[in-house]
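Please open the structure in your viewer and keep the selection tool at hand, since this tour moves from one selection to the next. At each stop, look first and then read on.

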Amino acid sequence: MAAMLHPLPLVISATPSFIAPSNQNEPKPINPSPTESLKNCKTINQVKQLHCQITKKGHSHRPSTVTKLITTCAEIGTLQSLDYARKALDLFLEQQETRGVLFMYNSLIRGYSSAGLGDEAIGLYVQMVVQGVSPDKFTFPFALSACSKVVAFCEGVQLHGSIVKMGLEGDVFVGNSLIHFYAECGEMGYARKVFDEMRDRNTVSWTSLICGYGRRSMPKEAVSLFFQMVGNGIEPNSVTMVCVISACAKLKDVGLSERVCDYIGESGMKSNMLMVNSLVDMYMKCGDTGAAKRLFDECVDKNLVLYNTVLSNYVRQGLPGEAVSVLGEMLRQGPRPDRVTILSAISACGQLSDSLSGKCCHGYVLRNGLEGWDTICNAMIDMYMKCGQQETACKVFDNMSNKTVVSHNSLISGFIRSGDVTSAWKMFNEMPKSDLVSWNTMIGALVQESKFEEAIELFRVMQAEGIKGDRVTMVEVASACGYLGALDLAKWTHAYIEKNDINCDTRLGTALVDMFAKCGDPQSAIKVFNTMARRDVSAWTAAIGAMAVEGNGERALELFDHMLKQGVKLDEVVFVAILTACSHAGLLEQGRNIFVSMQSVHGITPNIVHYGCMVDLLGRVGLLEEAANLIKCMPVEPNDVIWGTLLAACRTHKNVEMAAYAAEQISKLNPQRTGSQVLLSNIYASAGKWADVAKVRLELKERGVQKVPGCSSIVVNGVIHEFTSGGGDTDKHLEKSHIELMLQEINSRLRDAGHIPDLDNVLLDVDEKEKEYLLSQHGEKVAIAFGLIGTGQGVPIHVVKNLRMCSDCHSFAKLVSRIYEREIIVRDNNRAICTTQSLPFPLSKLIDYWPNKRCIIVVHLVYQQNGYSPTVPRPLQSSNKNAKHSDASGMREAAAGGAEIHSVVHPQKLVHLFKLIFHFTTEDNRPTSPEASYKLSSFIDTMHLGGGNKSHISSAALVTPYDSLFSISSCRLRMLAFRYRAQQ
């Protein structure tokens with residue numbers, strides 16, 4: 001080992017060249033000894049030459065010489081110099097010499113630590129202790145720094161124990177090192193405890209903790225501690241200010257940033273370039289690009305870091321034009337661009353889709369040998385893809401010597417962006433190694449391409465490979481579940497997020513709200529919404545949309561009002577959601593007021609989508625003429641969607657003439673839209689104009705258009721079962737016989753409950769028996785029947801239909817829910833219909849605004865006298881309401897004889913009555929008190945339900961707008977099936 005430390009003799013000179021005088025004629029200065037000259041050495045070769053001279057003179061074994069040799073090698077800090085110093089230390093220790101050994105160990109531990117060789121530094125410390133050399137207060141800061149570099153937490157804790165045993169915890173430098181160590185290991189609690197227990201603190205103590213908070217995603221604590229520091233009279237240094245400014249940048253809090261800048265100005269602290277760079281970065285991340293640009297322009301001595309800071313922030317904020325402008329200035333008068341500069345420049349060219357400037361950057365990369373950097377090549381791939389030059393991007397990829405996962409991801413993202421999912425999928429399958437970004441990119445691509453089942457399947461494969469999803473993954477999965485309407489999968493997704501502690505930020509929370517709403521579970525959607533810590537306008541929009549899907553317009557309006565009180569800045573989309581909610585709930589006046597307030601109150605100009613919502617609202621309530629006039633008076637040209645909305649309203653209210661006009665307008669604007677012709681054919685069929693039906697259908701046949709068959713699906717035991725209208729799939733189903741028997745049982749029980757099929761939904765010229773049979777074969781009815789026999793009691797039945805659900809199927813689902821006491825959710829292509837037995841409210845589950853029939857609530861009361869036993873009332877035919885309810889006195893006379901009483905009641909009054917009943921009656925249908933009985937009877941009197949003798953109301957029934965009877969007593973609600981007497 002000694003021979004290794006003694007280099008061969010130099011032939012050309014015995015004196016090192018860097019010590020020899022440059023001019024022999026000049027007087028020779030007094031040269032220092034070789035030992036003293038060691039501190040002037042800058043390279044390991046110079047050290048070796050001097051060491052050779054020292055060895056020849058026999059001074060190599062002196063403790064002072066070895067100490068200076070080790071110190072110099074440690075300061076040089078290269079692997080070769082540190083290895084040379086270690087060998088020198090080992091040779092010295094072989095002589096059993098103890099003088100100066102601690103200083104040698106400390107110097108070499110510091111050298112290892114400074115070079116980032118933490119493991120070697122820790123190993124040397126262990127060797128020192130084993131050798132019996134006791135560390136001092138200088139040893140521990142160096143050793144703790146080494147532990148920080150390699151995050152050796154356990155070893156650092158042991159060092160902390162040694163510090164306490166030796167009583168050195170009161171030393172401020174040791175305390176500062178402990179704070180830095182714990183902060184670097186992410187143990188900010190321990191760091192703060194050490195800080196709090198320090199008797200003496202200096203600027204470094206405060207700065208170490210502030211920087212630790214800033215680096216560990218605790219910027220609020222960092223800024224708070226800074227103001228506490230200056231409040232205690234401790235003057236910060238430039239390092240402190242850089243850490244605080246960086247924390248403000250992470251918070252993106254302009255107010256805090258201004259306070260920090262005010263302190264810099266008031267304290268008179270001189271700003272260095274590090275502080276200027278941090279200030280510019282802070283302003284740009286806080287969104288105040290103007291202040292950042294002013295500070296940048298005022299800076300006289302702009303360095304490369306400052307230019308790169310401005311460029312990268314401009315690119316990140318989507319301001320590529322400004323980035324290119326700064327780059328031009330840099331090329332004219334600034335420092336030479338490096339790879340960080342070019343990386344930002346290439347990204348800016350990609351955002352601008354400027355392939356010419358991108359090629360110039362590519363040329364600069366090749367001229368300066370930067371093509372070996374993976375990040376540069378990945379940026380060029382992304383840039384060329386954004387510029388539409390896939391071939392060039394692929395060439396860059398093929399020429400890369402080291403293709404990383406990011407390189408593959410860049411190419412996959414480019415393929416997806418250009419719509420080439422096939423190439424993206426091929427690249428994904430060919431990747432030697434994929435990461436979470438790869439999976440997220442492909443799952444997002446499949447969702448974007450409406451391949452929702454494939455996206456879910458890919459997520460399952462991802463799980464099987466042991467890759468845990470993050471919030472980006474779950475946003476895409478939630479979107480896929482929502483479009484599929486898969487409620488069970490949606491609930492599993494939500495449980496997966498909670499179980500794996502995935503950060504549910506605003507974006508993911510909004511996606512979950514939207515997912516549950518689309519799956520027909522608005523209550524779960526609102527639960528998720530209520531648990532969100534932060535809600536932006538998108539989150540409020542999703543919650544309002546969930547209420548719109550449910551038809552709960554009143555709750556949607558409550559959310560809208562609450563959002564206004566919260567001061568949330570509204571956008572155009574939220575108005576679409578609230579107008580849709582008003583439309584689904586038939587809230588005409590509220591919808592009108594909101595529409596008017598868009599421009600007058602909120603300064604948002606209604607666009608064609610908002611006009612479409614108003615046309616839908618007017619059409620649903622039967623104001624077809626007003627809807628048509630609104631279309632004609634629109635400030636924008638109506639499109640085929642607007643006319644299609646009016647056409648759908650014409651079908652609801654059987655206005656054949658206006659329907660033909662709307663269909664004609666659609667044909668002019670979009671001849672390829674065949675759905676309007678199908679709808680017009682249905683309108684003609686509903687009106688019995690079979691000749692017109694034949695004409696329209698012949699035109700569709702000549703154009704090769706085929707009507708999409710109705711298909712309903714249900715998941716039972718993890719298997720998807722599909723049923724098409726007409727019973728074709730039922731005949732092939734393994735449970736065919738059981739399904740048919742179940743349908744027969746259901747239809748029998750529905751008939752007993754007074755349900756009469758709405759034959760208007762059969763748009764064929766056949767007799768009524770055939771219509772009734774065809775109606776019974778609708779896919780959602782078959783799916784519900786299969787759900788009843790395929791799932792256990794208490795399990796919700798969830799059906800998804802690809803087309804709009806007809807009114808008879810809606811009535812069918814609600815009655816089946818009540819009779820069989822099962823929760824049934826049917827989601828069609830427009831909204832979800834939810835029926836439940838367990839909740840009396842919201843009343844929208846009982847009183848639906850169903851646009852296919854008249855919007856009138858008819859209350860049917862049966863009065864009982866002298867022990868008269870009421871039967872289930874006959875269904876009411878409410879089409880000619882004016883003739884039925886003209887004589888109130890006649891109704892009262894009929895009531896005296898126990899006859900059936902028909903009366904028209906305003907829906908809002910009926911809703912209020914139901915609320916009173918649920919509030920003032922017990923489970924056994926009795927009033928809670930005489931006062932409650934009085935309030936109920938008084939309110940019923942104001943409704944003019946008829947009948948002077950109110951003391952024997954025994955049962956009641958609600959006839960819905962689609963003329964089908966719901967027996968309230970069979971709904972387990974027993975709303976009006978209670979006895980009460982007016983107490984004198």
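Which residues of the largest nonpolar core touch the most other members? Before you select them, keep in mind that what you see is a predicted model. The core has 222 residues, and those that touch the most other members are Met241, Met282, Ile346, Ile544, Phe575 and Leu646. Next select helix α32, residues 537–550, which gives this core its largest share, nine residues. A gathering of this kind fits a general tendency: in soluble globular proteins, nonpolar side chains tend to be buried together.

Now centre the view on Ile544 and show what surrounds this residue. Setting aside residues up to four places away in sequence, Ile544 touches Ala556, Leu559, Phe560 and Met563, and also Val574, Ala577 and Ile578. Then move to Leu743, Leu750, Ala753 and Ala785, which are among the 28 residues of a second, separate core.

**The whole chain**

Zoom out and colour the chain by secondary structure, where 50 helices and nine strands can be found. Of the 984 residues in the chain, 49% are buried. The accessible surface amounts to about 47300 Å², and carbon and sulfur atoms account for 52% of that surface. If you consider contacts between residues at least 6 apart in sequence, 64% of them join residues at least 24 apart.

**The strands**

Select strand β1, residues 711–716, where five of the six residues are buried, leaving the strand mostly covered. Add strand β2, residues 719–724, and you will see that β1 and β2 pair in the antiparallel sense over six bridges. One place to look is Val715, whose bridge partner in β2 is Ile720. The hairpin formed by β1 and β2 has two residues between the strands, and here Asn717 takes a positive phi near 55 degrees.

Next, add strand β3, residues 797–801, which also pairs with β1 in the antiparallel sense, over three bridges. Ile714 stands opposite Val799 in β3, while Ser713 has Val800 as its bridge partner there.

How many residues of β3 are buried? Five of the five are, so β3 is largely enclosed by the rest of the structure. Turn the view to look along this strand: Ile797, Val799 and Lys801 point one way, His798 and Val800 point the other way, and all of them are buried.

Strand β4, residues 824–827, is the next selection, and both of its faces are covered, with Ile824 and Val826 buried on one side and Ile825 and Arg827 buried on the other. Strands β3 and β4 run parallel and are joined by four bridges. In this pairing, Ile797 stands opposite Ile824, and Val799 has Val826 as its bridge partner. To follow how the chain gets from β3 to β4, trace it through helix α46, residues 807–820, and notice that this β-α-β crossover is right-handed.

**Two threonines in helices**

Select Thr207, which lies in helix α12, residues 203–215. Is Thr207 buried or exposed? Thr207 counts as buried because its relative accessibility is 6%, and buried means under 20%. Leaving aside neighbours within four places in sequence, Thr207 is in contact with Asn237, Val239 and Thr240. The side chains of Thr207 and Thr240 make a polar contact with each other at 2.5 Å.

For the second threonine, go to Thr65 in helix α4, residues 63–76. Thr65 is buried too, with a relative accessible area of 2%. From Thr65, draw a line to His51: the two residues are 14 apart in sequence, and their C-alpha atoms are 9.1 Å apart in space.

**Two loop residues**

Finish in the loops, starting with Lys252, which sits between α14 (238–251) and α15 (254–267). Its phi is near 55 degrees, a positive value in a residue other than glycine. Lys252 counts as exposed because its relative accessibility is 57%, and the cut-off for exposed is over 50%.

The last selection is Asp501, in the loop between α29 (487–499) and α30 (506–518). Asp501 is likewise a residue other than glycine with a positive phi, near 55 degrees. With a relative accessibility of 69%, Asp501 counts as exposed.

Terms used:
Residues are numbered from 1 along each chain as its sequence is written. This is a predicted model: local features need pLDDT of at least 70, side-chain atom pairs count only at pLDDT 80 or more; totals for chains, interfaces and linings use all residues. Side-chain values use heavy atoms; hydrogens and water are left out. Buried means under 20% relative accessible area, exposed over 50%, partly exposed in between (1.4 Å probe, protein chains only). Two strands pair if DSSP finds at least two bridges between them. Contact means heavy atoms within 4.5 Å. Accessible areas come from the Shrake-Rupley method with a 1.4 Å probe; for residues, only the protein chains shown count as cover. A nonpolar core is a set of buried Ala, Val, Leu, Ile, Met, Phe, Trp, Tyr and Cys residues joined through side-chain atoms within 4.5 Å. A polar contact is a pair of N or O atoms within 3.5 Å; within protein, one must be able to donate a hydrogen and the other to accept it, and residues adjacent in sequence count only if both atoms are side-chain atoms. A crossover is right-handed if, with the strands pointing away from the viewer, the path from the first strand over the helix to the second runs clockwise.
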